[in-house]
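Here is a short, friendly walk through one model, with its helices, strands and cores in view. Please keep the viewer open while you read.

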Amino acid sequence: MASTVNITIEEHYYKPRTSQKLRLHNKEVVPERCDMSATRCPQRFGVAGKSRGTNRVIHSYKAGWIHARPSETQIGVSKRYAVQDRQEQSVERDINDWFFTETGQKSLVDAMELSSLSPELPTLLAEMGQQYDPDKLAQSMSQRPTYLTARALSIASSLGGVIGGILTDIASGSFEANAGKRAEQLRRTLAGLGPSFVKVGQALSSRPDLLPKPYLDCLASLQDRLDPFPTPVAMAVIEEELGCPVDQMYSSISEEPVAAASLGQVYKGVLRETGEEVAIKVQRPAIGEGIAVDMVLLRRLVKVIDARLDILSQPLVPLVDEFAGRLFGELDYVQEGKNCERFQELYSHVPRVRTPAIKRQATSRRVLTMEWIDGVKLTDKEAMTNAGLDVVDFVTVGVECTLRQLLEAGFFHADPHPGNLLATKGGDLVYLDFGMMSEAPPSARYAIIAHVVHLVNKDYLAMCYDYYTLDFMDPDVDTTPIAPALAAFFDEVLADSTVSRLNFRTLVDGLGGVLFQYPFRVPAYYALILRSLTVLEGLALSADKRYNLLGAAYPYVARRLLTDPAPELRSSLEDLILQNGRLRWNRLENLIREGSKSYDFDSSQIWTLAEWVLSDGGRPVRKPLANEIVRLVDSYISNAVRKSLVDRVGSEQAQKLVPETSEESEALERLSLLAPLISQGDDDLEGLLPSSNAVPGPRDIVSFMGRVRSSLQSADPQVRRLLQKPGMQDLIVDVQWGLVQHALARGIKLGAALTTP
């Protein structure tokens with residue numbers, strides 16, 4: 001009599017309509033009892049069937065696949081199987097068929113991790129992707145103490161040595177000396193613990209507030225190393241998720257995945273309904289269960305660290321919860337499809353940026369079907385060269401798109417590693433994989449630009465105050481002691497350079513050193529955007545060692561400062577172009593020059609800036625602007641008077657009477673650029689100024705300003721509209737009074753000098 005081993009598997013099965021039996025490791029599996037109806041779906045795939053709503057493969061038959069559609073009342077039914085040792089010969093099957101080889105069967109069972117499934121877990125995983133609830137997840141996992149304990153022991157034994165070594169280093173004062181060795185030890189340990197912890201390490205690599213630079217650099221090299229799971233298993237997942245045979249949805253599909261990662265893998269296929277080539281992303285079986293267990297255990301671990309160790313500037317539990325919520329969101333492919341469509345809606349206006357169209361009819365929680373786009377990875381130098389594509393060009397597109405994501409809508413792609421970016425022969429930069437997205441709050445979008453302006457101004461105290469708005473610091477923490485540390489770093493790196501010429505990685509590393517020394521907490525969105533820009537810069541530097549990311553980003557920032565009417569950005573503009581009540585013409589000109597390089601810069605938007613200057617909000621700028629106009633025009637008058645005096649008193653005496661200042665030539669050059677606007681086509685201001693044979697007095701100035709006003713009234717409609725603004729009248733009065741004062745002072749000086757014997 002054959003021996004029987006009873007195995008209870010919490011899963012939904014059905015009775016096959018054939019007499020075929022499935023052999024698993026030389027044992028036949030025979031259903032004892034079945035409560036579900038079955039639908040036969042003949043096809044050519046020798047794939048494993050699955051019950052809808054679960055993560056476990058059920059059966060595979062050479063002749064076809066049996067697919068069950070359980071009702072709500074059938075969910076959670078436990079089926080008992082008898083595993084019987086039999087001597088009779090099993091059904092003939094092709095020994096080359098993967099599923100029926102012993103290696104294939106073992107791989108399938110290992111991939112399924114059958115013992116780890118709870119009947120409510122698929123629904124719970126879907127809920128976690130929408131709204132992460134650590135307490136609810138922990139309660140569900142607590143029902144399986146044996147599995148949880150085994151995994152906990154594995155994690156503890158692996159991480160315990162690393163954490164113990166770090167604590168020993170801290171106690172002995174050798175933390176910095178051993179940082180490189182410990183970082184490598186941590187990297188190897190996380191890699192060995194599987195996908196969840198690999199992603200933890202990757203997230204930590206962009207957290208300079210938590211780890212010093214040696215750890216950040218080492219963890220940045222962490223990569224997913226999981227092999228692809230068998231194609232028959234992937235086909236089973238597709239059929240279960242889409243509720244129909246594979247060949248009913250797709251007219252063809254690749255035999256092997258074209259790409260694979262820790263969470264899933266991608267096949268190339270053709271959508272039967274439309275004949276379009278598509279990419280089919282299939283989630284790895286059981287990956288959700290593994291992540292659920294790891295997140296419960298990781299949270300328990302950091303909770304202990306928070307309670308007992310005071311070595312970090314912030315609690316770790318909220319960081320783990322934020323990370324876990326994002327990770328579970330990656331497991332929901334329906335949400336990923338929505339993210340992709342939202343990204344396209346928000347940034348479709350950005351030239352040369354493209355996303356694949358989502359095929360909703362062939363998408364579910366664990367299967368995502370999207371448009372297939374032929375492209376080249378930016379890291380494939382040979383393919384890029386053969387296609388005549390320039391990596392730096394595409395990175396520059398990516399930099400502006402990234403800035404728009406962060407600083408406009410705030411919804412941004414948080415995982416733009418090289419595998420998620422493609423260059424097409426048509427010149428488009430294609431974004432892929434929208435599982436990990438993030439959002440920057442509106443207040444932070446403006447604060448980031450303000451922070452850049454304060455850095456340009458080397459206003460380190462203002463940078464310290466920015467950290468409140470950026471949510472880097474609690475309001476009750478005094479940030480002013482940080483200013484000397486910022487000054488020590490930036491004064492050194494900016495000694496022979498400007499901010500726009502800095503290497504972005506150098507900037508991040510330097511700030512990271514400061515962040516690690518003080519009680520900062522870097523918001524998740526900020527850490528993610530730093531990682532995104534660092535990745536892009538790394539791609540460009542691999543092709544051009546002279547590439548400068550900050551320089552590439554400046555045109556966009558300049559355009560925003562010039563044209564965005566938001567009060568926060570107007571304030572930043574004031575900070576940038578004003579110094580001690582004086583207008584910095586060079587910075588204003590640089591803004592216009594660089595801003596015009598941005599693809600959607602519209603010169604007509606400058607009129608919006610002019611309207612703001614003449615409004616109540618622009619009052620702080622108006623007075624310095626009037627003073628600068630007075631300086632420019634008076635430089636022209638002084639130059640004209642000096643020339644007229646040469647014939648009367650000689651060149652040397654004329655220079656003494658009306659000295660030429662160091663700024664005069666610059667002022668004359670700048671005035672020549674403004675003259676066409678004032679005189680409407682007359683490149684020479686002589687017709688608007690007093691006779692060159694006379695020294696202009698107050699009456700001449702008033703007459704001159706009258707002619708300027710008349711000239712402006714016959715100008716373009718935009719100029720005439722500005723003349724109606726109350727602020728324009730204030731500006732003209734201020735300019736006129738300033739010129740009168742200079743004329744009086746000059747007249748008194750010349751009168752005294754020329755009448756003295």
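Helix α19 is mostly covered, with 15 of its 20 residues buried; buried means under 20% relative accessible area, exposed over 50% and partly exposed in between, using a 1.4 Å probe and protein chains only. Helices here are DSSP runs of H or I with at least four residues, strands are runs of E with at least two, and both are numbered from the N terminus. From its first C-alpha to its last, α19 reaches 30 Å, close to the 28 Å expected at 1.5 Å a residue; that expected span is 1.5 Å times one less than the number of residues.

A word on the basis of these values: this is a predicted model, in which local features need pLDDT of at least 70 and side-chain atom pairs count only at pLDDT 80 or more, while totals for chains, interfaces and linings use all residues. Residues are numbered from 1 along each chain as its sequence is written, and side-chain values use heavy atoms, with hydrogens and water left out.

Now to the cores. A nonpolar core is a set of buried Ala, Val, Leu, Ile, Met, Phe, Trp, Tyr and Cys residues joined through side-chain atoms within 4.5 Å. The largest one has 134 residues, and among these L486 and F490 touch the most other members. Helix α19 (residues 524-543) gives this core its largest share, eleven residues. Apart from it lies another core of 46 residues, including L125, I155, M295 and F328. In soluble globular proteins, nonpolar side chains tend to be buried together. Leaving aside residues up to four places away in sequence, L486 is in contact (heavy atoms within 4.5 Å) with Y460, M463, C464, Y467, D491, L511 and V514.

Next, the strands. Strand β11 (residues 264-271) is mostly covered, as seven of its eight residues are buried. Which strands pair with β11, counting two strands as paired if DSSP finds at least two bridges between them? The table lists the partners of β11, with one facing pair for each.

| Partner of β11 | Sense | Bridges | A facing pair |
|---|---|---|---|
| β9 (residues 250-253) | antiparallel | three | I253 and G269 |
| β10 (residues 259-260) | antiparallel | two | A259 and V266 |
| β12 | antiparallel | seven | Y267 and I280 |

A hairpin of three residues joins β10 to β11. The hairpin of β11 and β12 has five residues between the strands, and in it G275 takes a positive phi near 80 degrees.

Two residues other than glycine also have a positive phi. A286, with phi near 70 degrees, sits in the loop between β12 (277-283) and α10 (287-308). N580, with phi of about 55 degrees, lies in the loop between β20 (578-579) and β21 (582-583). Are these residues buried or exposed? A286 counts as buried because its relative accessibility is 5%, whereas N580 counts as exposed because its value is 79%.

Finally, T563 belongs to helix α20 (residues 549-563). T563 is buried, with a relative accessible area of 10%. Its side chain makes a polar contact at 2.7 Å with the backbone oxygen of R559; such a contact is a pair of N or O atoms within 3.5 Å, where within protein one must be able to donate a hydrogen and the other to accept it, and residues adjacent in sequence count only if both atoms are side-chain atoms. Not counting residues up to four places away in sequence, T563 touches R570 and Q605.

Conventions: Two strands pair if DSSP finds at least two bridges between them.
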